Amino acid sequence: MCGIVGYMGYREAYPIIIEGLKRLEYRGYDSAGIALFDGTNLKVSKTKGKVADLEDRSEKEITKTGHVGIGHTRWATHGVPNDVNSHPHLSNSGDLVIIHNGIIENYESLKQELISRGYTFQSDTDTEVLINLIEDVKKKENVKLGKAVQIALNQVIGAYAIAVFDKTKPEEVVVARLGSPLAIGIGANENEFFIASDASPFLEYTKNAVYLEDEEMAVIRFKKGIKIRKIKDDSLVDTYVQELQLNLEEIEKGGYDHFMLKEIHEQPKAITDTYRGRLLRREAIIKMAGVEDNMKKFLNANRIIIVACGTSWHAGLVAEYIFEDLARIPVEVEYASEFRYRNPVINESDVVIAISQSGETADTLAAIKLAKSKGAFVFGVCNVVGSSIARASDAGAYTHAGPEIGVASTKAFTTQITVLTLIALRLARAKGAITSSDFRHHLLELEMIPQKVEEALKSDAHIKMVADIYKDVSNFLYLGRGYNFPVALEGALKLKEISYIHAEGYPAAEMKHGPIALIDENMPIVVIATKKGHYEKVVSNIQEIKSRKGKIIGIVTEGDTQVRDLADHVIEVPETLESLSPLLTTIPLQLLSYHIAVLLDKNVDQPRNLAKSVTVE
Ligand code: F6R
């Protein structure tokens with residue numbers, strides 16, 4: 001969580017840092033701050049609130065000139081979001097300044113030690129402890145900043161991406177990472193450098209970037225270049241400069257009111273991009289190098305264990321149905337946060353699939369490390385190229401959703417399901433668990449999904465009308481069976497996170513084991529009742545709701561009449577195979593939560609308390 005940005009070069013640093021922080025606000029937005037060096041003075045401005053609040057504040061507080069600076073947008077871990085706890089933090093001498101994304105777990109003992117040596121602290125943060133520890137080391141050992149950072153980091157336990165500089169030597173910035181991402185953008189002739197949590201803040205300035213690996217630090221010197229070292233043993237690491245493929249348009253709103261709406265509408269393209277070059281319908285094959293190269297591991301696996309969090313976990317639940325149904329491989333789906341701490345039985349004959357949009361989720365990363373330490377083969381399904389989870393996996397397949405900036409995940413979910421469906425189909429074919437004609441039929445239907453998502457998106461105005469009717473309720477229920485049970489969970493999560501209305505997802509048949517007690521004439525219940533998915537059983541569930549006066553919003557297959565007669569509202573999706581139906585039924589649920597949140601005037605792209613990338617456990 002938290003976004004960090006830095007600049008050192010010939011341009012004014014302020015606008016670059018502010019615009020960069022805005023692009024990273026998805027990572028955290030409860031407070032923001034900036035430190036600029038203008039050649040003589042170090043100027044710091046920081047505030048509780050968003051980057052826009054920081055702009056207002058810095059307007060009054062500082063002159064916005066300077067060619068070296070660092071900025072931060074925060075998602076609070078230690079200390080409430082307030083002005084004092086906001087980053088950047090200064091050392092006691094006022095010379096050193098730091099921004100930090102992560103958590104220093106042993107900060108309390110380090111703080112006591114520093115207090116006993118006369119250091120004082122303004123904030124409740126772990127970060128202020130770290131910068132004073134660096135200062136203490138620098139003085140005691142009489143070393144340069146880079147060395148002091150290195151010695152200090154060897155004393156801390158936790159996770160970090162940091163940028164530090166010394167106002168008495170402003171031509172040098174020191175960065176380091178462990179568990180939190182950090183990219184360095186390199187300008188022509190090394191006459192400018194950018195530092196950021198991801199590359200989006202510097203895309204318009206340079207396409208050349210270096211991504212630090214865990215346990216690495218870099219000393220960046222104006223016009224002199226970058227030196228990367230291992231934090232532990234000081235060994236030098238080769239600097240590998242990558243050329244970025246990302247474009248600026250991909251990270252802008254493109255005429256939509258919100259990133260979430262743009263991303264919902266991008267799904268036809270995102271799904272096509274995800275299966276392009278992998279789904280070869282005419283040849284009737286699926287080509288995925290990561291699966292092909294490890295086919296034996298998959299086919300000899302005792303079982304597949306899927307680890308993920310949040311929406312990605314829901315995609316994992318859909319995958320459980322697909323893998324078991326089509327490929328006949330036993331699957332378990334685990335919350336990464338539970339898996340990593342419950343001493344799971346796991347060994348070399350297990351395959352672990354880790355699903356993560358960001359590729360940075362701390363719990364999922366830790367679950368991978370645990371699985372690998374037990375000898376399991378780990379396959380990553382990530383959206384962000386080069387992310388920590390992608391790198392930590394033995395093999396993997398990217399979803400090609402493009403950048404997802406809205407905090408509520410939408411296109412990541414459908415593209416994850418697309419990749420997982422391709423893998424399941426490929427394995428089903430290799431195992432002979434699916435007939436050739438059934439396989440071809442699946443390929444054809446999957447290829448048609450983007451067009452059908454396009455159709456489903458046409459219900460937008462109708463969904464907005466339904467949203468207007470129910471926007472003021474306090475509770476929602478979402479029900480689905482089989483493949484659409486995880487979609488019910490996902491629909492409820494989407495509503496909760498952006499509208500703050502309480503919502504629960506349930507398998508439709510479980511309703512009578514408890515949630516039915518909640519149903520009265522005030523309770524809207526979204527029921528996914530597609531034609532092929534245990535349709536008659538779901539219709540019976542709808543009748544049970546109806547007789548208790550619940551309000552029914554049915555998600556139905558085009559042309560449905562039976563549910564239409566029973567429900568208060570129906571939203572149609574095109575017909576497809578049951579195994580592919582989550583790719584369509586999830587669309588109206590995304591739009592419903594979006595419209596309710598907008599009608600309630602909530603901050604759709606940056607819901608309270610949330611952050612896009614959960615790099616803390
Ligand atoms: C919900 C949402 C979160 C994420 C979860 C995992 O809309 O975005 O629940 O799905 O934090 O994130 P990733 O997929 O990046 O590991």
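This is a working chat about a ligand site, a buried arginine and a kinked helix in a predicted model.

Trainee: Let's start with the ligand; which residues are the closest ones around it?

Mentor: The ligand is surrounded by 15 residues, and the closest are Ser312, Ser356, Ser358, Thr361 and Glu497.

Trainee: And what polar partners do the oxygen atoms of the ligand have in Thr311, Ser409 and Lys494?

Mentor: For Thr311 the partner is a backbone N or O atom, which lies 3.0 Å from an oxygen atom of the ligand, and Ser409 likewise offers a backbone N or O atom, here at 2.8 Å from a ligand oxygen. With Lys494, by contrast, the side chain takes part, since one of its N or O atoms is 3.0 Å from an oxygen atom of the ligand.

Trainee: How much of the ligand does the protein bury?

Mentor: Taken alone, the ligand exposes 410 Å², and the protein buries 90% of that area.

Trainee: Back to Lys494, where is it, and is it buried or exposed?

Mentor: Lys494 sits in helix 17, which covers residues 485-499, and it counts as buried because its relative accessible area is 1%, where the cut-off is under 20%.

Trainee: What does Lys494 touch, apart from its neighbours in sequence?

Mentor: Leaving out residues within four places in sequence, Lys494 is in contact with Met260, Thr311, Ala408, Ser409 and Ser593. Two of those names have come up already, as Thr311 and Ser409 each place a backbone atom by a ligand oxygen.

Trainee: How far is Lys494 from Asn475?

Mentor: They are 19 residues apart in sequence, and their C-alpha atoms are 13 Å apart in space.

Trainee: New topic: why does Arg303 count as buried?

Mentor: Arg303, which lies in strand 18 (residues 303-308), has a relative accessibility of 16%, and the limit for buried is under 20%, so it falls on the buried side.

Trainee: What is around Arg303, then?

Mentor: Not counting residues up to four places away in sequence, Arg303 touches Pro330, Glu332, Val345, Ile346, Ser349, Asp350 and Val351. With Val345 there is also a polar contact, in which a polar atom of the Arg303 side chain lies 2.5 Å from the backbone oxygen of Val345.

Trainee: Last one, helix 15: what end-to-end span should it have?

Mentor: Its 22 residues, 436-457, should span 32 Å at 1.5 Å a residue, and the end C-alpha atoms are 32 Å apart, which agrees.

Trainee: Where is the kink in helix 15?

Mentor: The kink, of about 40 degrees, lies at Ile449, shortly before the proline Pro450, and both Ile449 and Pro450 are among the buried residues of helix 15, as are Phe439 and His442.

Notes:
Residues numbered from 1 in each chain as written. Predicted model: local features only at pLDDT ≥ 70, side-chain atom pairs only at ≥ 80, totals over all residues. Heavy atoms only, no water. Helix = DSSP H or I, 4+ residues; strand = E, 2+ residues; numbered from the N terminus. Expected span 1.5 Å × (residues − 1). Bend = angle between axes of the 7 residues up to and from the residue. Buried < 20%, exposed > 50% of the residue type's maximum accessible area, 1.4 Å probe, protein only. Polar contact = N/O pair within 3.5 Å; in protein donor to acceptor, adjacent residues only side chain to side chain. Contact = heavy atoms within 4.5 Å. Near = heavy atom within 4 Å. Areas by Shrake-Rupley, 256 points an atom, 1.4 Å probe, with all protein chains shown as cover.
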